[in-house]
Amino acid sequence: PGAARVRMTVQADYALRPVWDVVGKLRGGIFPDEAIILGAHRDSWGPGATDNGSGSATLLEVARRFGELARAGSRPSRSLMFAFWDAEEFGIIGSTEWAEDHAQWLSLSAVAYLNVDVAATGARFNPSGTPSLWPVLLEAADGVPDPRSQRTVRDVWQSTGKNATVGVLGGGSDFVPFSHDLGVPSTSHSFSGDGGGAYHSRLDTWWFVSSFMDPGFSYHAAAGGIWALTALKLSETPVIPYDEEATGKEATAAADEIESRWKIHDPTSTPMPSLDPVRSAARRLTESAGRLATRRRGFGQQFDMQDTGGAVVSARLQRLTAANRELIATEREFIVKDSAAADQRARNLLLSPSATDGYGAQRLPGIAAAFLNHDPDSARREIDLLVGALDRAAGRLEAAARALKGR
């Protein structure tokens with residue numbers, strides 16, 4: 001506002017250029033067909049020291065360390081992939097094209113996608129991810145010392161009080177095609193501070209990072225440690241350590257929030273259907289997840305090829321493979337083709353990027369949109385879709401539990 005007037009000329013270079021994704025693979029020694037993907041984009045606006053030189057440099061270091069372990073004879077049980085995405089700043093193009101090209105394989109084999117977009121601009125830990133991976137991510141943060149206090153990163157983070165909650169994934173980075181389009185459980189973490197003024201500017205330089213944001217790069221190292229320990233936990237735990245109880249609880253919390261907002265903002269408008277069926281289905285999923293957790297504890301937390309004879313190992317591997325196949329398929333049940341969309345694009349019933357904020361998240365997006373649009377018929381369709389997906393997911397968990405029991 002005011003009397004000032006500005007004349008602006010924008011010069012944009014519109015051209016087609018190749019996109020280069022660089023992806024390396026460290027083949028797993030026991031479950032080579034199950035993969036954990038660690039990814040960071042390597043393109044930037046300007047110098048891009050933090051966004052995303054910091055994530056790319058940290059990923060290189062994590063890959064180097066795992067390579068050293070493999071050369072020393074300690075190969076991961078599941079395959080690890082290290083992906084450097086191009087053209088993220090142009091609309092998440094590199095990772096999306098790669099995920100679309102490998103969609104069938106990812107749907108069958110991807111255990112998790114672990115993203116870092118800006119590793120460190122300060123000392124404040126920011127974890128986010130698919131609810132089923134929250135415990136794994138926080139366990140990793142419990143294994144890395146905070147560079148300033150030498151307490152664990154998780155301990156320092158939780159001591160901040162009410163803000164110590166793991167975030168859900170919205171939009172704006174390379175986890176989108178994995179989490180939202182394919183249903184691959186994903187995480188994204190970073191350390192932030194007060195250096196955000198350099199974001200997407202020519203001030204985002206190595207000098208600025210090393211002088212002000214993270215002198216000594218200690219929080220970059222902490223970000224790498226959490227990244228590596230998350231991958232290690234997912235690689236080395238025989239039964240994939242998803243926590244689907246958290247998925248059920250998150251669905252219930254989202255349903256409660258949607259109804260609560262509706263009652264506050266639209267108490268006299270069009271009557272909307274109850275979300276009790278969603279809560280009931282979420283409870284069934286949580287109960288199935290609890291039974292699986294009991295079976296997982298009975299099965300054991302470690303797998304050693306040298307423990308028993310070949311026949312026993314082979315039978316146990318078959319049970320594990322069958323159970324993990326069901327677990328990998330569990331969250332794929334929440335991906336549906338949207339019949340209302342002209343392009344038939346897949347969408348996640350549990351979570352999507354916000355329609356009004358490209359970085360934000362919307363839980364239960366189909367139901368939320370129906371309530372926002374005062375459309376009870378659409379709400380009932382979305383409720384039926386979600387209840388069906390929750391029940392199919394619960395069925396996957398029951399099948400995994402049966403496989404671990406050997407029947």
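Is Glu-257 counted as buried, exposed or partly exposed, and what is its relative accessibility? In this predicted model, Glu-257 comes out at 30% relative accessibility, so it counts as partly exposed. Its side chain meets that of Arg-261 in a salt bridge, with N and O 3.3 Å apart. Both residues sit in helix 9, and because they are 4 residues apart, about one helical turn separates them.

That pair is part of a longer list, as a search of the whole structure turns up 21 salt bridges. Helix 9, which covers residues 244-265, also takes part in a contact with a distant part of the chain. Here Glu-250 forms a salt bridge with Arg-363, and the closest N and O atoms are 2.8 Å apart. Glu-250 belongs to helix 9, while Arg-363 belongs to strand 10 (residues 361-363), and the two are 113 residues apart. As for its surroundings, Glu-250 has a relative accessible area of 16%, and since buried means under 20%, Glu-250 counts as buried.

Another salt bridge brings together the side chains of Asp-391 and Arg-284, at 2.9 Å from N to O. This one, too, links distant parts of the chain: Asp-391 lies in helix 13 (residues 376-405) and Arg-284 in helix 10 (residues 276-299), with their positions 107 residues apart. Asp-391 is partly exposed at 32% relative accessibility, and Arg-284 is partly exposed as well, with a relative accessible area of 35%. Then there is a set that goes beyond a simple pair: Glu-61, Arg-64, Arg-65 and Glu-68 are linked in a network of salt bridges.

Turning to the strands, strand 6 (residues 186-192) has 7 of its 7 residues buried, so the rest of the structure largely encloses it. Ser-186, Ser-188, Ser-190 and Ser-192 point one way from this strand, whereas Thr-187, His-189 and Phe-191 point the other way. Residues on both faces are buried.

What are the partners of strand 6? Strand 4 (residues 110-115) runs parallel to strand 6 and is joined to it by 3 bridges. Within that pairing, Tyr-113 has Ser-186 as its bridge partner. Strand 5 (residues 124-129) runs antiparallel to strand 6, and 6 bridges join the two. On this side, Ser-128 has Ser-188 as its bridge partner.

Strand 6 shows up again in the largest pocket, where it provides the largest share of the lining, 5 residues. The pocket holds about 830 Å³ of space and is lined by 33 residues. Those nearest its centre are Asp-117, Gly-171, Ser-188, Ser-190 and Tyr-359. Helix 1 (49-71), strand 5 and strand 6 are the elements that each give two or more residues to this lining. Ser-188 therefore has a part in both pictures: it is a buried residue of the strand that the rest of the structure largely encloses, and it is one of the residues that lie nearest the pocket centre.

Finally, the surface has a nonpolar patch of about 390 Å², made by Val-6, Met-8 and Val-10. Val-6 is placed in the segment before strand 1 (22-26). With 74% relative accessibility, Val-6 counts as exposed, because that value is over the 50% cut-off.

Note on methods
Residues are numbered from 1 along each chain as its sequence is written. This is a predicted model: local features need pLDDT of at least 70, side-chain atom pairs count only at pLDDT 80 or more; totals for chains, interfaces and linings use all residues. Side-chain values use heavy atoms; hydrogens and water are left out. A salt bridge is a side-chain nitrogen of Lys or Arg within 4 Å of a carboxyl oxygen of Asp or Glu. Buried means under 20% relative accessible area, exposed over 50%, partly exposed in between (1.4 Å probe, protein chains only). Two strands pair if DSSP finds at least two bridges between them. Patches are made of residues with over 30% relative accessible area and no salt bridge: like charges are joined within 9 Å, nonpolar side chains (Val, Leu, Ile, Met, Phe, Trp, Tyr) within 5 Å. Accessible areas come from the Shrake-Rupley method with a 1.4 Å probe; for residues, only the protein chains shown count as cover. On a 1 Å grid over the protein atoms alone, a cavity is a set of points where a 1.4 Å probe fits but cannot get out, and a pocket is an open set with protein on both sides within 12 Å along at least five of seven lines; lining residues have an atom within 4 Å of a point. Grid points are joined across faces, edges and corners, and a volume is the space filled by probe spheres set on the points.
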